[in-house]
Amino acid sequence: MGMSGAASGGAGCGRGEYMRIPDDVDAIKEAVKEEGECPRLLRCRAIRWWAQIAVLGVFLVGAAVSAAVFLGPLVIEKVIVPLIDWQSTTFSRPVIALICFGAIALFPSVLIPSSPFMWIAGMTFGYGYGFLIITTAMSIGMSLPFFIGCAFHSRIQRWLEKWPKKAAFVRLAGEGDWAHQFRAVALLRISPFPYIVFNYASVATNVKYCPYIAGSMAGTVHETFLAIYSGKLVQSLAVATSEGSFLSVDQIIYNVIGFTIAAVSTAAITIYAKKALQKLQAEDELC
């Protein structure tokens with residue numbers, strides 16, 4: 001009497017829990033061939049997905065370069081240069097410092113981005129005084145929402161519950177000892193999590209103020225230098241445009257290298273922060 005068996009689960013890719021074992025060798029080879037096509041299909045899909053991402057990236061880079069080449073000079077000539085001239089002729093340096101300081105310190109409390117004033121501080125005062133103005137003002141801009149948010153602690157917690165995945169990362173800041181909170185806050189500041197949102201959301205984590213402000217200052221150093229560099233770059237382009245010339249070869253090389261380093265370092269730091277946060281979350285779940 002002929003015997004037919006059944007192979008245990010996992011024998012097929014989308015073929016059910018069991019697969020009939022054929023009697024002849026050719027049928028067996030055909031079945032094995034079909035089974036081997038499953039991982040091959042997954043690899044093909046992965047390659048196709050990455051190819052689409054690469055094409056999209058090339059298209060976006062090309063569009064950005066085209067916009068910079070054709071629209072950049074026009075925007076600088078018609079918008080940036082007049083604004084810089086108006087600023088320099090209307091306000092003195094101490095007044096500009098006061099305006100930048102006030103905007104960077106107060107705007108985050110009302111959920112208004114203060115990045116343009118960081119660029120202005122970088123343009124006007126450079127890496128020395130510009131860094132001092134921005135970091136001092138940012139310490140106030142991150143402290144005020146923290147203390148204001150204490151009055152709305154329960155509301156902020158209910159608001160975070162609407163986004164449980166993001167809330168899980170934010171709550172890392174309130175767990176563990178001082179060092180753990182400092183590290184979590186610094187990583188959250190480096191990560192793509194919105195800066196002005198975290199100022200208020202951190203209150204719901206029960207994080208202490210000292211590790212919060214220390215981690216925040218450490219996590220925003222790269223952002224401060226990037227803002228100052230961007231301001232200096234825009235200023236050099238505006239000066240060249242107003243003088244009817246273009247950047248020298250040395251300036252072009254310097255700016256291209258500087259921009260590349262800034263972009264690569266920002267991407268690397270952001271990726272590291274995301275992975276470190278995921279690791280930190282996994283460690284907390286195990287504890």
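This report walks through the fold of one chain, its helix α5 and a few chosen residues.

**Overall make-up**

The model is predicted. The chain holds 12 helices and two strands. Both strands come at the start: from the N terminus on, the elements run β-β-α-α-α-α-α-α-α-α-α-α-α-α. Of the 287 residues in the chain, 31% are buried. About 17,900 Å² of the chain is exposed, and carbon and sulfur atoms supply 70% of that area. Contacts reach far along the sequence. Taking contacts between residues at least 6 apart, 70% join residues at least 24 apart.

**Helix α5**

Helix α5 covers residues 129-149. Its 21 residues reach 31 Å from the first C-alpha to the last. That is close to the 30 Å expected at 1.5 Å a residue.

Which residues of α5 are buried? They are G130, I133, I134, T135, A137, M138, G141, M142, S143, P145, F146 and G149. Many of these places can be read against helix geometry. An α-helix has 3.6 residues a turn, so residues three or four places apart point the same way.

A137 is one of the buried residues of α5. Its relative accessibility is 0%, so A137 counts as buried. Beyond its neighbours within four places in sequence, A137 is in contact with F101, I104 and A105. The C-alpha atom of A137 also lies 8.4 Å from that of L106, although the two residues are 31 apart along the chain.

L144 also lies in α5, but its setting differs from that of A137. L144 counts as partly exposed because its relative accessibility is 30%. L144 belongs to a nonpolar surface patch, together with L106, I140, I148 and F152. The patch measures about 390 Å². Which element gives the largest share of the patch? Helix α5 does, with three residues. L106 thus appears twice in this account: as a member of the patch, and as the residue whose C-alpha is 8.4 Å from that of A137.

**From α3 to α4**

Helix α3 spans residues 93-106. I99 lies in this helix. With a relative accessibility of 35%, I99 counts as partly exposed. Leaving aside neighbours within four places in sequence, I99 is in contact with F91 and F117.

I99 also pairs in space with a residue of α4. I99 and A121 are 22 residues apart in sequence, and their C-alpha atoms are 9.4 Å apart. A121 is among the buried residues of α4, a helix of residues 115-125. The others are M118, G122, M123, T124 and F125.

Two backbone angles stand out around α4. L111 sits in the loop between α3 and α4. Most residues other than glycine have a negative phi, and most peptide bonds are trans. L111 is not a glycine, yet its phi is positive, at about 60°. After α4 comes G126, with a positive phi near 75°.

**S216 and V207**

Is S216 buried or exposed? S216 is buried, with a relative accessible area of 0%. This residue is found in helix α10, which covers residues 209-219. Its side chain has two polar partners. One is the side chain of R189, in a polar contact at 3.0 Å. The other is the backbone oxygen of Y212, which lies 2.7 Å from a polar atom of the S216 side chain. Outside its neighbours within four places in sequence, S216 is in contact with M142, V185 and R189. M142 is itself a buried residue of α5, and this contact links α5 with S216 of α10.

V207 lies in the loop between α9 (195-201) and α10. V207 is buried, with a relative accessible area of 6%. Its C-alpha atom is separated by 9.7 Å from that of D177, 30 residues away along the chain.

**C-alpha separations**

The C-alpha pairs named above are gathered here.

| Pair | Apart in sequence | C-alpha separation |
|---|---|---|
| A137 and L106 | 31 residues | 8.4 Å |
| I99 and A121 | 22 residues | 9.4 Å |
| V207 and D177 | 30 residues | 9.7 Å |

Conventions:
Residues numbered from 1 in each chain as written. Predicted model: local features only at pLDDT ≥ 70, side-chain atom pairs only at ≥ 80, totals over all residues. Heavy atoms only, no water. Helix = DSSP H or I, 4+ residues; strand = E, 2+ residues; numbered from the N terminus. Expected span 1.5 Å × (residues − 1). Buried < 20%, exposed > 50% of the residue type's maximum accessible area, 1.4 Å probe, protein only. Patch = residues over 30% accessible without salt bridge, like charges linked within 9 Å, V, L, I, M, F, W, Y side chains within 5 Å. Areas by Shrake-Rupley, 256 points an atom, 1.4 Å probe, with all protein chains shown as cover. Salt bridge = Lys/Arg side-chain N within 4 Å of Asp/Glu carboxyl O. Polar contact = N/O pair within 3.5 Å; in protein donor to acceptor, adjacent residues only side chain to side chain. Contact = heavy atoms within 4.5 Å.
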